[in-house]
Amino acid sequence: MSAEHYFSTDPATPARRGEIEFNVAGRDYRLTVASGVFSAGRLDPGTAVLLRKADLPDAGATGVFLDIGCGYGPITCVLASEAPAAEVWAVDVNGRARELTAENAAGLGLGDRVRVAAPDEVPDDLVVDQIWSNPPTHVGKGELHAVMERWLPRLAPDGVAWLVINRNLGGDSLHAWLVERDWVVERVASQRGFRVLKVRRKTG
């Protein structure tokens, strides 16, 4: 698998555009996708498991949510749709991915509550109530751990992170690694080879 979609700010692959459709929590979504962006051909199976098994916010949820590695925006669009009173930050190194996320959010009428940004554009003082991510795994544990070390400290004291990790690509070792660093980690689901992890700060 090419890792271009993880690290290229401007993918060299020509932008062949298309659309995908999926349903989450009774809502139908049709999003624009393009080559050079993660899982452009379908809703990634890990993302599908995350959106099915994690606790999606309800209509009364407020605060700031963060989608790490947003791709073309499926998680961002679901979060912003389910929680109309929340603000969602969508972060990706891939400029094409960010453009698609902004386009898809605007197409669903969510653009006023979605902030699309490159990692270095996120304000240093931004504290988030929820983190959602299908983070990079094919690029190795070092990069995966770097992503966690960069973003998990943004969680509010009572915040929660929802992560989906392929079991065969480090799901269990990531769980152990987070526990070693004093995060409280619960495996809430295991489906289709993916682990869904709920991560919180240790209290007391």
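The following legends describe close-up views of a predicted model.

**View 1. The seven-stranded open sheet.** The strands of this open sheet follow the order β5-β4-β3-β6-β7-β9-β8, and their pairing is mixed. Strands β5 (114–117) and β8 lie at the edges, each pairing on one side only. Direction ignored, neighbouring strands are turned against each other by 15° on average. Within the sheet, β3 (residues 62–68) and β6 run parallel and are joined by four bridges. D67 has W132 as its bridge partner in β6.

**View 2. Helices α2 and α5 on the sheet.** Helix α2 packs on the sheet and touches β6, β7, β8 and β9. The direction of α2 makes about 55° with that of β9. Helix α5 also packs on the sheet, where it touches β3, β4 (85–91), β6 and β7. The direction of α5 makes about 160° with that of β3; because angles over 145 degrees count as roughly antiparallel, α5 and β3 are roughly antiparallel by this criterion.

**View 3. The surroundings of helix α2.** Helix α2 is mostly covered, with seven of its nine residues buried. These are P45, G46, T47, A48, V49, L50 and L51. The elements that cover the buried residues of α2 include β1, α3, β6 (128–133), β7 (155–166), β8 and β9 (194–201).

**View 4. The packing of helix α2 against helix α3.** The axes of α2 (residues 45–53) and α3 (residues 74–82) come within 11 Å and cross at roughly 20°. The two helices are therefore roughly parallel to each other. The crossing in which α2 passes α3 is right-handed. On the α2 side the contact is made by T47, L50 and L51, and on the α3 side by P74, I75 and V78. Sorted by class, the residues in this contact are five nonpolar and one polar, with no charged residues. T47, L50 and L51, which take part in this contact, are also among the buried residues of α2.

**View 5. The hairpin of β1 and β2.** Strands β1 and β2 run antiparallel and are joined by eight bridges. One residue of the pairing is F22, whose bridge partner in β2 is Y29. The two strands form a hairpin with two residues between them. A25 lies in the loop between β1 (17–24) and β2 (27–34). Although A25 is not a glycine, its phi is positive, at about 55°. A25 counts as exposed because its relative accessibility is 56%, the threshold being over 50%.

**View 6. H145 in helix α5.** H145 is located in helix α5 (residues 141–151). With a relative accessible area of 16%, H145 is buried, because buried means under 20%. Leaving aside neighbours within four places in sequence, H145 is in contact with L174 and W177.

**View 7. S173 in helix α6 and D182 in the loop that follows.** S173 is placed in helix α6 (residues 171–180). At 30% relative accessibility, S173 counts as partly exposed. The C-alpha atoms of S173 and K141 are separated by 9.1 Å, and the two residues are 32 residues apart along the chain. D182 lies in the loop between α6 and β8 (183–191). D182 has a positive phi of about 70°, although it is not a glycine. With a relative accessible area of 46%, D182 is partly exposed.

Note on methods
Residues numbered from 1 in each chain as written. Predicted model: local features only at pLDDT ≥ 70, side-chain atom pairs only at ≥ 80, totals over all residues. Heavy atoms only, no water. Buried < 20%, exposed > 50% of the residue type's maximum accessible area, 1.4 Å probe, protein only. Axes fitted to C-alpha atoms, helices over the stretch in contact; angles between N-to-C directions. Parallel < 35°, antiparallel > 145°, perpendicular 65-115°, else oblique. Left-handed = near helix turned anticlockwise from the far one by under 90°. Contact = heavy atoms within 4.5 Å. Nonpolar A, V, L, I, M, F, W, Y, C, P; charged D, E, K, R; others polar. Pairing = 2+ DSSP bridges.
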